[in-house]
Structures are given as C-alpha cells and as structure tokens.
Amino acid sequence: MSHVLLEKTDHLSDTIYKYQKGKHVMATPSSLVLRSDLGFEAGKREAILDTWDRQIADGKVTVRLNAEVTGIAGQSGAFALTLKDGSTIDAEAVVLAIGTQGNPNLLKLPGAELPHVQYQLDDPTAYVDEHITVIGSGDAGIENALGLAADAAQGNIVTILNRGTEFARAKGANVKLLEEAEADGRIFVRRETSPLEVREREIVLETRDGQQAIRCDRIIARTGSQPPRAFIEGCGVEFTSADRAAFPKLSPSFETTQAGIHVIGALAGYPLIKHCMNQGYDVIEFLDGNTGLKPADEPILAEKFAGLPGRHTVDEWLEIFRTRVIILQELSPLQMRELMLDSTVHAYARGEVIFTRNEPGSSMFAIAEGSVLVEVDPDDPSVTVPIETGSIFGEVGLISGRKRGSTIRAAEPTVVVEFSRLAALKLLATAPSANRAVNRISIERQVLQIFGAGLTPADIADLVEEAEVVSVPAGEVVIEEGAEDKDIYIVRVGSMVVEKDLGGKPVFLSYLPAGSYFGEMAVIDGSKRSASVRAAIKSEVIRFPGEAFNALLDAKPEIRERALADMASRREINDFIESRKASFGGAVDMYSQTAQFLVDNGLGEATDVLLIDEQLCVGCDNCEKACADSHDGLSRLDREAGRTYAHLHVPTSCRHCEHPHCMADCPPNAIHRGPDGEVVIDETCIGCGNCQRNCPYGVIRMDAKPPAKPGLLSWLLFGAGPGPGEASYAWRKRKAAEAGESAKLAIKCDMCSGIEGGPACVRACPTGAAIRVSPERFLTVARLEEEVD
Amino acid sequence: MASLFSRREGSAHAEIEERRSATHESFLSHRAYFWARVSGFLSLFVVLTYVLVDVEPRHNGGSWYGYTLGTVGAGLIVWLSWLGVRKRRPTPGSWSLKGWTSAHVYLGMSLVVIGTMHTGFQLGWNVHTLAWVLMMLVILSGAYGITVYATLPQALSENRREMTREQMIESLATIDRQLEAAAQPLARKDADMVIATLEQDVFAAGIIARFRGPGGRDATRRALDHISTDRAYDDDADDLAQQKVRALLGKRAAQIDQIRRQMQIKALLEVWLYIHVPLTIALLAALTAHVVSVFYYW
Ligand SMILES: Cc1cc2nc3c(=O)[nH]c(=O)nc-3n(C[C@H](O)[C@H](O)[C@H](O)COP(=O)(O)OP(=O)(O)OC[C@H]3O[C@@H](n4cnc5c(N)ncnc54)[C@H](O)[C@@H]3O)c2cc1C
Ligand code: HEM
Ligand code: SF4
Ligand code: SF4
C-alpha cells in the first residue's frame, strides 16, 4: 500500500517519548490481544521506543518527520494535506492518530487576542526589561516564570498568578524553587488572583481585595491544553456534541463523517496504547478491503454478555440495548461498543435487589428487558413506584455523587445495563438527547425523593416543566439575605453554605449537601430572605419558580406540612445560633470561621475526611505508621502537611470527593468508588500520573511498592528491619534493588477498604486527635455546643 | 439539642460510618470517662475490702486476699505492657488505640491501690519491694506523661505554624543560601561572622540543648549583635548591604528558634517514654523474680 507516516516532531510517538526517563509502561488491559505487527509489552519507555523505531525501519515504513499537518482539503479519494512548511501531500484516505496532546488552552478574557499574549515560551532568555505575567500555576507556568527570572541581568519583572493559595497542581520541587524566588524578590507571586482583562501594556486582575491593574508587557498563559478539535473540525469532521469531552463521530471502521478520513487512538476515545495499536491495525485492514474483520474487543464483550438469558450474539445484544434503551438510541455501533466496554450487564430474577438505600454508588442503570420497582418510603417497602423497560435509574447517585436514595428491586426477570460513572458521564457529554432525557428524569425524581411519598410524576409535571438547572461557581451567592425574590432551589451537584449577617459579620448557620432544598421559607410565608445561601464549591442547583411550588403546596396539604416541619427545625437552628451570638459572640465567630476554613480546605466536596485536633495531637505519627503498615508499607497520609485553623488541622489525605477530580482523566479507568463510598485506585493503574496532577489537594503519590519488612517481633527483639511505619527512602531503594524494580503507581488513601474495624489512622491514634468526619455530620451547630460547653 | 440534628439513615451504612468516624473525644474523656469510672470503683472496692476483710495475723501478700490482689495486679501489669505491642501493630479488628490508652491510663492508676494493698504495707529491702518501687516509678512517669499529653500539643501546633519539619529545615537552608549571597559585599570581619553562622551546626547540639529550647546565644545571634551596630560602610551610604544581611540574620534566628522550640516540645512529649518503657521492662523482670521467688521460697 502506498503510504506515508507524517509526524509533527523529530521523533515518533511523541506522547510516549515525553514520558519521564525509565518510566515503566504498562500494557493493559491484559485480556486484550495485541493484533498489530509492531511489538508491545510492558517495559521501560526506552525499550519500547527502540523496538518501535527498529521495527518501523525493518518494515520499511515511509516516515516523514518534522511534518506537521495544518489542514486537510478535498474529498475521499483526492485529499490534499497541507504541511506547516507549506508543502502539500495528496492522499486517497487519511488516518488521524494525532492523540489528544493538542494545542494549549486559550485565555477567554477581553483582550486575549492582543499580540502580547502567548502560549509557549521557547527561549526565556529572549526577553529583557519587560513586565511579564505568567498565568497558570501548574508546572509549565512555574518553570516558565523561573526561566524568565533566572538571570537578574535580563531585568524582567515576572509575576505569576494563582487562582488558589497553594500550588497543588505543581511538583513539590518546582513549588519550592518558586517560593525561594519569591522570597528573594525575583518573582512576584499573586495568590487568589485571576486575570479579568488584558489591555495594552496592562492586565486587570481580580484579587481578594477587589480589582487591580498592573503593568504588563507580555503574558504567558500556561493553562493546560485543548484537544486538537478545531483542526479536526476544520477537516470537515463532526463531533458527537459540543461538550469538551466529546469525540469525533465514527463508523465501525473508524471513518468520520468526512468520508475517507479516519480517527483512531486517544483521539477516538481509546487512550490505552494497546487499543491504539489494535485500531491502527484494524483501520488499515478496513482500508485494504477486509470488511469482515471483527473488532479486537469482541471476546471481551462476548464474555460480558455470556451471563445474559436468551443466546444472542454480541452484535444482537448491542442492537437490543441501543434500540430499547431510550438514551442509547442516538449512538453509533462503535460508540455502543466503547460504552459497553466500560459498563456491565446484569440479569435479575423477580424480587432481587439491584441496590439498597444509602448504599454509595455513582453508576447509572438502564433497563433493557423487564422493569423494576423503587421503594420510595424508607419505612414501608410495600410503597413502590415502577420504572419501565427503556428507562433509567440510579442517575441521582451519578449526578450528585451522593448515596442511593431508595432501594430498587426487579419487578420481573430483568436485564439491566450498568454504566460506570465514567461511561455514563462520557455518554451524557457525547449524546445531547441522552443528556436532556437524564436531566428531566433526574429533576423529577429528585423532587419526588425530597418531598416524599404520596406524590406521583403527574402531580409535579408542571413544577418540573418550569425547572431550570443553573450552575453556580464556588462562592457565588444564590440567595441574598433580605432580598424579595421567591424561588425555591434544590442542590443538584456540590454543596451550599447558609449564612446570616449578625452584627456585621457573616455567621455560618448550616451546610446543605447535594439533595437538600432551600429557599422555601420566603415561598411559604412570603417573607424576605432570612439568610444568604452561597455555593461552597462549584455546584449546580435546580431553580423552581415560587408560584409553581406554591401551587403544588396548595394541591397537596401533606407536602405543605412536611415543608413547614422542615422550616420549623431550620428556624430553630437559626434562633439557637442567634441567641448564642448574643451571649457567646466569640464562640460563634470562631465556629463560623472554622466552618469556612474547613469548606475552603475541601470539606465542601468531601464525603469523608481525616481531621486532626491539634489540641490532642502529640506528634507521634502513629497514624502515618499504621497507614503504611496496613498498606504495602507506604503511607497515604502526610500528617504535618496541610492547613490548620483554630487547632483543627486538615492533613494531606484524600477527601473522597463527591465528584473526584482524580477520576477525570485516568486512561485505564482505574479509579472507582468502593462499597463504603471510598475512592480507590485499583491494580490496573498504569502510572501515568494524571490523577496526581488532577487532585487539587495533592494527596496522590506515585511510588513503587517496597518489599516486605521483617515482622514486628523480630524488630522489637532483634532490631531487624526498619521498624513500624514507612521505611526510609534509602531502605526501600536498597531493598528494591535487591528484589528487582517495580513500577511506580498511583497510591492514595482507600479508607482502609476491606480492613475490618475501619481506618487504621484513626484506630492507631493514642489520644483521639485523629478523627474522620463527613461534612454534614461535622458542619453542624452541634460543634458550637461542643465549643461552648 | 439531639432532636435538632437527628438524621434519617439506613442502618447498615450508618453502622459503617459509626465504625469509621470515631467520636471527637480525647483519650481521657473517652466513652464519657468509662475507664475512669471502672478504675475508680475498682480502687474504692479494694480499699473497702482491705479495711473490711479480716486477715490474720495482718494484711500481706501471702494471704488469700493478698494472692487475689497480686494476681489481679500482675495480670494488669502484663496487660498494660502489652500496649507497646498493640501500638505498633495495626491489625484488623475494631480496637482503637485511644480506647486502649484510656483504659491503660486509668487502670494503670488503680495499680497504685491494688499493688500497695497487695503488699499490706510490708516493705523492705528485697526483690518484692523492688517490684513495687519500679511499679510506682512507672506509674509516676505515666502520670507525667498524661500531663504533657494534655498540655503540650497546643503549643506544638502553635509553634509549627502549618510548617512541616522538612519545610522548617528547607526554610533554614534557603535563608542560608540567601545569606551567603548577601554577605558578599560585607567587610572581611563582618563576612566572617556570617560565615561562622553558616558553619554552625544547628542540630548537633546534644540532648541537653534539645531541652533548652529557643533563645540561646549562638553564632547567629552573635553575628546579629555585631552587624547591627550603626556603622555604614563608606561606599554604601544607605547601608543597604548590612541591612539586608541583618534582616536575613533576624529571619535565621527566628527560624532556628522555631526549630529549637519544636525539638524541645517534642523532646518533652517523648522523654518520659524513655523512662516509662525501660522501667516497664525492669518491672517485668522484677515481677517475674518476685513471683518465682514467692513460689519457690515462701
Ligand atoms: C505520563 C503518561 C503515562 C502513560 N502511561 C501509559 C501506560 O503505561 N500504558 C498505556 O497503555 N497508556 C499510557 N498512557 C496513555 C497513552 O500514552 C496515550 O493515550 C497514547 O500514547 C495515545 O496514542 P495515540 O497514538 O492516540 O496518540 P499519541 O501517542 O499522542 O501520538 C500522536 C502523534 O501525532 C503527532 N502529531 C500530533 N499532531 C500532529 C499533526 N498535526 N501533524 C503531524 N503529527 C502530529 C504527535 O507529535 C504524536 O507523535 C500514558 C499517558 C501519559 C500522559
Ligand atoms: C505499671 C503500670 C504501667 C505499665 C507497665 C505501663 C507500660 C506502658 C508501656 C509498655 C507503654 C508503651 C510505650 C510505647 O511503646 O511507646 C506505655 C505507654 C503509656 N503509658 Fe503506661 N504503663 C503503666 C502505667 C501507666 C500509668 C499509670 C499511666 C498514666 C497515668 C500511663 C500512661 C501511659 C501513656 C500516656 C502511654 C503512651 C501511650 C502512647 O503514646 O501510645 N501508664 N505504658
Ligand atoms: S484523590 Fe480524588 S477523591 Fe481524593 S481528594 Fe484528590 S480528587 Fe478528591
Ligand atoms: S490511577 Fe492515576 S496514575 Fe494510575 S492510570 Fe489512573 S490516572 Fe494514571
């Protein structure tokens, strides 16, 4: 076949080329056979790159390096590819395997198009006597800032902006260098600052104390990169939706909507190397006319479907799911395959439980055959609501990240598809109609769940019709104290903080997790807003117009009663705090500030966090030691690191976020929520470090599992081995050299999942300083009681 | 207030949460002073029976009453010593070290009564009394332990100011690098003072110095005193070079003080264990000797 392999850089496989030296590359999933002619097995980066270079040379592949394609014009059979150097190449068919590294994120600010905004810094020594602002607090931004300020003789005034207070996204070593440079006065670090507008020779900043303009001759923006979507769309290829996470629309033979252009690999939504290589093989086979080729994942799907009743083939099952389940109807066969790879299927007998109330779970289910019953009343399992074939359930857990709201059983022999959180999110991002359907259903169900039994979907149809999903950035006020508006809200994603102005200071009243409603007081009794509600973290609320809600209350007196009861208990809390404020003002302020501190440190999105009461902590580090000794000899918590307020310390340890940032971009999808709500990384981790970069709290470390230590008694009696706790780096390194290197993988707290008795850190604390709390249990006025008494 | 904060929850998962979260209570007030009450009643009971039970000719370790107390006491001592193993073994199971420490502290105190009543106040210069004395010393050191555990953590936290140990050392290293650069323009004598501070080994001060804490005179403070006199160099009218060095020396002294204070508090929190534990081992040995001799020679 006449072909040419075009590569932008001066070497092949740039993504892998850029891995750190000596990285152990994993060849997952192991159940997938490698079809391609190039060899690939787990091993060192260098060995893999060598093998490929050699095999490419031996296989006489025509390669053209330093050939970045900037545009593709023409039709199937007669394409013209433009290269960056201006030359063109003619082709009958094109396969895009350009990965997702893509191009840098552009600033979205007024003035961002001005010529002194740039996204790359090739030569930091090229600028002299300039005021330069670096935007982006990751490694790239910090390294650029350091480079620009390295030589004082250049006379640059370098400022780096950080939206937060800490540089959690960057490597520790870089942060240290930056802090040193700051202390030396070589770099100005502006924390809690974000850019607002770019002007000629000036940049306007949003700081904690308001807006401010500083001189600025050059802006270097390093805020991550975007998939090369615009380029691909420019070639006439359509994507499945406008969402950032969407992929190109593809046929089963990887052909895009532009006939003759194919997309494979990470760009097609398959980020594992083995998938990429197999698809490279498949797509060439297809182009060569081998249309009967079955996809390499066929056996995996066949195994998944093996347990289902009624002997259907994989293709038949895919078609059954696609045609029966409403939210899948838009998908292409290739998308169905991809979706099913990340999903599971189950067959249930009549009466079997699918999940139970209060069980953690963030997957979503769709009914392909049969139907299920939802037990809506926690006290009476006989009160049920049916859900029919083709519909979905479990979406509340998916959207809010909270526990299951009710128990669900199969009403008859039933076949369901369970979409993992990631698969479901991908589906919603890529299929707009699925997104709309799920949104509507979830709003309806959330209302039913909150206002309880006795309501039917018909009762609330009007309310749901008028509902609107609003996203609220962290800190933004949804309801302002004293205002006259009359809407009612449900927290759909994230959490809210309720505050009241007492004596000129905002006093924390309560914390509202996802699934709570607020704003009912003004609606019910027509009063002004009695407190402010603002988003603790980036959240989504559902807004209902007050009249529609009032209409519902008029029609359903029992709902009014429930709402009144809730209102009374909220009033009681408010009154209690107000009365305390009068007599114990200091304690109330302290309580408010502590609550705010905890919210700032991630409690607002946490499900379970480790706190240390430094009035009790004797610094024995037994928590860390116990953690290491119950987890392969590596501690997942750093007790001393982290912030402290009023002796309450939030150590560096996983918060088990409701919507874990770490899960966002894990190629093998190795991060899950476990049965007790813990966020865990399983053994399929390939060590890419994405999760470490994505976690805003810096709790993930990449390390190799050390060899086993001698037992406790031999240490106690004979001093053998390094003793309890994490062995020193030197010991681990020496032992690893003896035992043979193992891969550095991502490790983090798993809440001692599977260990009877619960988290070792808490159990091992001799003084009771270490506690684990969930925000709604900890951020209550009960704490105020504790403080005062 | 309980009704205000009641929550509806599924029992199975509520249980998991319960197990996981451990209440926010110190080891001393654990389970509403359960072990304090147990220990109090036990001691009271022993004192009362000691007074009421009539042992002929007089109370001593060899009577049936003395044997009972002796067995209970020896059992307690062995169990109390087991804390050293428990602490270092994060095995599965629903134990909490806080609960253990709480019981340890209060039951350990009750040994004062149990052990002493066991002797029937028949003390002398022998291995039996040695065991009793060692026991009392262990208990005494334990009592010191809980006083520091109750009072020092707050100071530790305040002194730390959110810095980790590594960060403190890092910070010192950074200041040193800056000092080295800043000292370049200084006159020979002044520069020598600065170099002397850089050469000073902040950590090799020995055990005594660990307890002495911050504020001590050392090369840094000497340099600070020396350089902070009012005498600008001729070629540096604004005294910029010296001012910069002075500021850095001040920072360095403060950083050293923080580190020293940290080491001091940690030392105070730990030192008693270096008495408590070896004495426990000695006690176990003396106790064995005591028991063996009783059965062989009594
Ligand atoms: C740190 C890290 C560790 C990882 N570890 C593993 C692992 O252990 N195991 C695993 O299976 N996966 C791993 N992955 C994922 C995997 O590396 C990628 O998903 C995979 O390399 C994607 O392959 P691809 O062929 O789709 O694209 P890429 O490997 O990104 O290749 C695209 C190539 O196209 C070139 N290119 C881009 N645009 C143009 C253009 N316009 N013109 C010409 N050429 C262009 C690029 O320079 C590049 O060489 C890891 C990822 C990272 C970031
Ligand atoms: C004869 C009685 C006692 C014996 C044999 C004994 C023994 C021990 C031992 C072996 C340890 C473990 C130390 C370690 O390994 O780090 C310990 C710890 C401790 N003991 Fe005792 N002890 C006794 C009485 C007491 C008393 C009376 C108190 C308090 C008043 C006390 C307070 C403590 C405390 C606070 C700890 C530290 C717990 C920790 O930090 O983990 N002990 N004891
Ligand atoms: S590791 Fe994941 S779940 Fe844990 S704190 Fe970081 S982002 Fe949240
Ligand atoms: S767990 Fe983290 S390091 Fe491991 S593969 Fe997933 S994102 Fe990469």
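**Figure 1. His276(B) contacts ligand 2 in a predicted model.** An N or O atom in the side chain of His276(B) sits 2.7 Å from a nitrogen atom of ligand 2. The model is predicted. Lys87(B) also contributes its side chain: one of its N or O atoms lies 2.9 Å from an oxygen atom of ligand 2. Arg88(B) places a polar side-chain atom 2.8 Å from an oxygen atom of the ligand. Several elements of chain B each give two or more residues to the shell around ligand 2: helix 3 (64–81), helix 4 (83–86), helix 5, helix 6 and helix 13 (273–297).

**Figure 2. The shell around ligand 2.** There are 26 residues around ligand 2. Those that come nearest are Lys87(B), Arg88(B), His104(B), Tyr149(B) and His276(B). The surrounding residues come from chains A and B, so the site is shared between chains. Helix 6 of chain B supplies the largest share of the shell, 7 residues. By class, the shell holds 16 nonpolar, 8 polar and 2 charged residues.

**Figure 3. Helix 5 of chain B against helix 6 of chain B.** Helix 5 spans residues 97–119 of chain B, and helix 6 spans residues 127–151. Their axes come within 10 Å and cross at roughly 155°. Angles over 145 degrees count as roughly antiparallel, so helix 5 of chain B is roughly antiparallel to helix 6 of chain B. The crossing of helix 5 of chain B with helix 6 of chain B is left-handed. From helix 5 of chain B, the contact uses Val105(B), Gly108(B), Met109(B), Leu111(B), Val112(B), Gly115(B), Thr116(B) and Thr119(B). They meet Trp132(B), Met135(B), Met136(B), Ile139(B) and Ile146(B) of helix 6 of chain B. The contact between helix 5 and helix 6 of chain B comprises 9 nonpolar and 4 polar residues, with no charged ones.

**Figure 4. Helix 8 of chain B against helix 12 of chain B.** Helix 8 covers residues 165–182 of chain B, and helix 12 covers residues 240–271. The two axes come within 10 Å, crossing at roughly 160°. That makes helix 8 of chain B roughly antiparallel to helix 12 of chain B. The crossing of helix 8 and helix 12 of chain B is left-handed. Helix 8 of chain B enters the contact with residues including Met168(B), Leu172(B), Ile175(B), Asp176(B) and Leu179(B). Among the helix 12 residues of chain B in the contact are Lys244(B), Leu248(B), Lys251(B), Arg252(B), Ile256(B) and Ile259(B). The contact of helix 8 of chain B with helix 12 of chain B counts 10 nonpolar, 5 polar and 4 charged residues.

**Figure 5. Helix 11 of chain B against helix 12 of chain B.** Helix 11 runs over residues 219–227 of chain B. Its axis and that of helix 12 of chain B come within 9 Å and cross at roughly 150°. Helix 11 of chain B and helix 12 of chain B are therefore roughly antiparallel to each other. Their crossing is left-handed. Thr220(B), Arg221(B), Ala223(B), Leu224(B) and Ile227(B) form the helix 11 side of the contact in chain B. Among their partners in helix 12 of chain B are Gln242(B), Val245(B), Arg246(B), Leu249(B), Arg252(B) and Asp257(B). The residues of the contact of helix 11 with helix 12 of chain B split into 7 nonpolar, 3 polar and 4 charged.

**Figure 6. Ligand 1 and its chain A neighbours.** Ligand 1 is surrounded by 26 residues. The closest are Glu7(A), Thr15(A), Tyr19(A), Ala266(A) and Pro271(A). Thr15(A) brings a polar side-chain atom to 2.4 Å from an oxygen atom of ligand 1. A backbone N or O atom of Pro271(A) is 2.4 Å from an oxygen atom of the ligand. For Met26(A), a polar backbone atom lies 2.8 Å from an oxygen atom of ligand 1.

**Figure 7. Cysteines beside ligand 3.** The shell around ligand 3 has 13 residues. Cys654(A), Arg655(A), Cys657(A), Cys662(A) and Cys695(A) are the closest. By class, this shell contains 9 nonpolar, 2 polar and 2 charged residues.

**Figure 8. Ala411(A) in its loop.** Ala411(A) lies between strand 26 (407–410) and strand 27 (414–419) of chain A, in the connecting loop. Leaving out residues up to four places away in sequence, Ala411(A) touches Arg350(A), Ser371(A), Val372(A) and Leu373(A). Met340(A) is 71 residues from Ala411(A) in sequence, and their C-alpha atoms are 24 Å apart.

Note on methods: Residues numbered from 1 in each chain as written. Chains lettered and ligands numbered in written order. Predicted model: local features only at pLDDT ≥ 70, side-chain atom pairs only at ≥ 80, totals over all residues. Heavy atoms only, no water. Axes fitted to C-alpha atoms, helices over the stretch in contact; angles between N-to-C directions. Helix = DSSP H or I, 4+ residues; strand = E, 2+ residues; numbered from the N terminus. Parallel < 35°, antiparallel > 145°, perpendicular 65-115°, else oblique. Left-handed = near helix turned anticlockwise from the far one by under 90°. Contact = heavy atoms within 4.5 Å. Nonpolar A, V, L, I, M, F, W, Y, C, P; charged D, E, K, R; others polar. Near = heavy atom within 4 Å. Polar contact = N/O pair within 3.5 Å; in protein donor to acceptor, adjacent residues only side chain to side chain.
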